Structures are given as C-alpha cells and as structure tokens.
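Please open the structure in your viewer and keep the selection tool at hand. The stops below can be followed in order, and each one names what to select and what is found there.

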Amino acid sequence: MTAQIEFVDVQKYYGTYHALKSINLTVEKGSFVALVGPSGCGKTTLLRSLAGLEKISGGEIRIVGERMNDVPPRKRDIAMVFQSYALYPHMTVEQNLTYSLRIRGMKKKEARKAAEDVAATTELSHLLKRYPRELSGGQRQRVAMSRAIIRDPKAFLFDEPLSNLDAALRVHMRKEIRTLHERLGATSVYVTHDQIEAMTMADRVVLMKEGRIEQQGAPLELYDRPINRFVAGFIGSPAMNFVPATVGADGQSLVLDLPGNQTLPYPGRLEPSRRVVAGLRPEHLVPASGTDALIRLPLRGAEATGATTFLFTESDPELAVVLNGRNTIKVGEELGLMIDPALIHLFDEKTGERL
C-alpha cells in the first residue's frame, strides 16, 4: 500500500508541556484510521498538526511524500469535518457546498453541477435550497461532510464529528461515514474519545495516552492482545476486570485475590509465586454451577437492559459480568462463574505490561 500520510518522530510543546512525544505513524492511502484515547491524550493536537492548525516543535509531517511542516493549511489539500458543523447560516445547502469552489475560481454552472453530484452521493439532493436552520443535526453533519467531499482532497480529517448527536443518530451516522469512505475510496483520519466508534468504523485504531501512541493495529488486535493494562482497560465495554493474583506452585494456576482464594487454571507456564494481575473481560465470564464454577461470589446487583443483563459481584475488586439473557439470581445469593483459560489476560503487577 502507498503511504498517504506520515508522522515521523513528531514532537509538540506548549511552553514546557510536552503534548506530543515522538509520534511515528503511517496512514496508508484509502485507509480509515481512528485516533482514540482519553481527554488530554493528544489526539486532537495530532489531527490539528496534520491540518496545519498547530505548528509542530520537531519531526516531520508528510502528505504523499511531501514535507508539510511549513506548508499553510490551505495548501495541504486536506478537508476537515468539525464537531460544530461550521456551516454558513446565511447560505443555502447548495451555497455552502459551492462556496469553496467559487472562491477558487470555478464557474457557477460547474460548481452547481459538482454540488448536485455530491448531494446525490450523500442523499441531500432534496435539501439543496434549504438553510442550515431548517435541517436536523444529522442533515447538518451530512452537509459538513459533503462540503469536505466536494473538494476531492488528499485526506479527510474528522474531529469528533458525532459528539453533538443523540445516541441513535450517532449509530446511523457511523454507518453513513463508513459507507461514504468506502464509496469514495478516501483516506480518512478520525478523532474520537468513543472507543465503540473507533472499533466499528476504523481499519486501524491508534490508541493514545499522555501524548504517546500506546498501541496501534486492527481493532480486534487491540481487543484480543492488548499490550498493557491501559489498552486492555480502554478497549472493550464494559471495561475489563482486573484482579491481582499469585501464580500457583504448579506454575499453571492463578490464585485470585478474592474471598476464598479462588483459583483459575492457566494454559501457559509461569514462575511459581509470581505476583500478576489477571484481566477478565465481563463478556468472557459465564455463569456456571456445581464443579464448573471456578469463581463463587455473592451477587451485589444486576442491571437489565433487555437482551443483555449486567451483573456485579459483592467483592473487592468487584467483578462485572455480561449475561446474554435474563438474570434469575437474587441479590446476596452466590453467583458461580467460569471462564475459558485461553481468554485470561495476564499483566505484570508493577509495570502493567502484558505477560
């Protein structure tokens, strides 16, 4: 694949604050890359640096092999879609779409034809004569996306574009953005704090923390093999359960720091008596009874959402369990659980690195 965007040892300082720390990242042509992480991790700063809205302090940013460090935003041939839509309220949808083309010298007739073509792609043809105030939130976001598409840029940059929408519309717009990406064969860089958006939309997820890239890869790579506790806890909803444990004398079992010294088998061979942290995803814990139950703890509470029920144990640490179906165990009664040993994640107690 061809590299469309490259970050090479990119650094960014705000005074003494080190916002971006040695960022190395390649975005291939036609790919959809999501930058995700908690607030303050540097993902928006990285996107704004790519757009030219922030000047980097070191390293290089390249677009199609060309160094962009000193190139102004208008000459980088990228298009940004913002959280706030940023539409001109006094212009119709058609005028919003054609504005960037007209100021670059395109004739009115050609610009209108381009707007009609893009509107057909984004299902806005019947709204071209309306003003932004006459549109719903989802329609306004489609206009903002259409305004980016009409420029035919080298890359689309999305800065948390769905944050202002309600939950149902966010799900709908996730599908729309991904469908448009595939239809256009575009290169997209998408910033979000929502790991569900990142996991469902992107070809590649880049998870950031405190100005660094913690892990990057296909969404399920981060889910299946997180490199440390931070990644394991961020990817997945509900978050992974973390239970301190001691490796058993046989090197193939884990004695959990839970009431009753409950023990789980482990398929690998570990150093006996080593202190570790076991990572147990809520969706991998399965209710069990009799000798099948490897963990037994009182039930503290249950949250039913219909097809799914969330269970919580009376323990320290508390365990969250995702149950597909309805719960029949009463609060205070014993909840038996089992887990496939191959689905247990292990992390070093001190460093948090995956074992």
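Is Tyr-88 buried, partly exposed or exposed? Select Tyr-88 to begin: Tyr-88 is partly exposed, with a relative accessible area of 32%, where buried means under 20% relative accessible area, exposed means over 50% and partly exposed lies in between, as found with a 1.4 Å probe and with protein chains only. This is a predicted model, in which local features need pLDDT of at least 70 and side-chain atom pairs count only at pLDDT 80 or more, while totals for chains, interfaces and linings use all residues. Residues are numbered from 1 along each chain as its sequence is written, and side-chain values use heavy atoms, with hydrogens and water left out.

**The whole chain**

Now select the whole chain, whose C-alpha atoms fill a box of roughly 80 × 45 × 35 Å along the principal axes. Its secondary structure comes to 8 helices and 20 strands; helices (H or I, at least four residues) and strands (E, at least two) are DSSP runs, numbered from the N terminus. Of the 355 residues in the chain, 50% are buried. The chain exposes about 17000 Å², with carbon and sulfur atoms supplying 49% of it, and accessible areas here come from the Shrake-Rupley method with a 1.4 Å probe, only the protein chains shown counting as cover for residues. Among contacts (heavy atoms within 4.5 Å) between residues at least 6 apart in sequence, 64% join residues at least 24 apart.

**Around Tyr-88**

Return to Tyr-88, which lies in the loop between strand S6 (78–81) and helix H2 (93–103), and add Tyr-99 and Ile-103 to the selection. Together Tyr-88, Tyr-99 and Ile-103 make a nonpolar surface patch of about 290 Å². Patches are made of residues with over 30% relative accessible area and no salt bridge, like charges being joined within 9 Å and nonpolar side chains (Val, Leu, Ile, Met, Phe, Trp, Tyr) within 5 Å.

**Strands S1, S2 and S4**

Next, select strand S1 (residues 3–14) and strand S2 (residues 17–28), which pair in the antiparallel sense over 8 bridges; two strands pair if DSSP finds at least two bridges between them. S1 and S2 form a hairpin with 2 residues between them, and Gly-15 in the turn has a positive phi of about 65°. Tyr-14 has Tyr-17 in S2 as its bridge partner. Adding strand S4 (residues 58–63) shows another antiparallel arrangement, in which 5 bridges join S1 to S4, and here Glu-6 stands opposite Arg-62 in S4.

**Helix H1**

Select helix H1 (residues 43–51) next. Because 7 of its 9 residues are buried, H1 is largely enclosed by the rest of the structure; the buried ones are Lys-43, Thr-45, Leu-46, Leu-47, Ser-49, Leu-50 and Ala-51. Just after H1, Gly-52 takes a positive phi of about 90°.

Which residues are in contact with Leu-46, leaving aside its neighbours within four places in sequence? They are Phe-7, Leu-20, Ile-23, Leu-35 and Met-208, and Leu-46 itself counts as buried at 0% relative accessibility. For a distance to try in the viewer, the C-alpha atoms of Leu-46 and Ala-120, which are 74 residues apart along the chain, are separated by 32 Å.

**Salt bridges**

The last stops concern charged side chains. A salt bridge is a side-chain nitrogen of Lys or Arg within 4 Å of a carboxyl oxygen of Asp or Glu, and by this rule the count comes to 19 salt bridges.

Select Asp-77 and Lys-154, which form a salt bridge with the closest N and O atoms 3.2 Å apart. Asp-77 lies in the loop between strand S5 (66–67) and S6, and Lys-154 in the loop between helix H4 (137–149) and strand S7 (155–159), so the pair ties together parts that are 77 residues apart in sequence. Asp-77 is partly exposed at 25% relative accessibility, and Lys-154 is partly exposed at 33%.

Then select Arg-296 and Glu-334, whose side chains meet in a salt bridge (3.9 Å, N to O). Arg-296 lies in strand S16 (residues 295–304) and Glu-334 in strand S19 (residues 334–338), so this pair ties together parts that are 38 residues apart in sequence. To finish, select Glu-6, Lys-55, Glu-60, Arg-62, Arg-67 and Asp-70, which salt bridges that share partners join into one network. Within this selection, the side chains of Asp-70 and Arg-67 meet in a salt bridge (3.5 Å, N to O).
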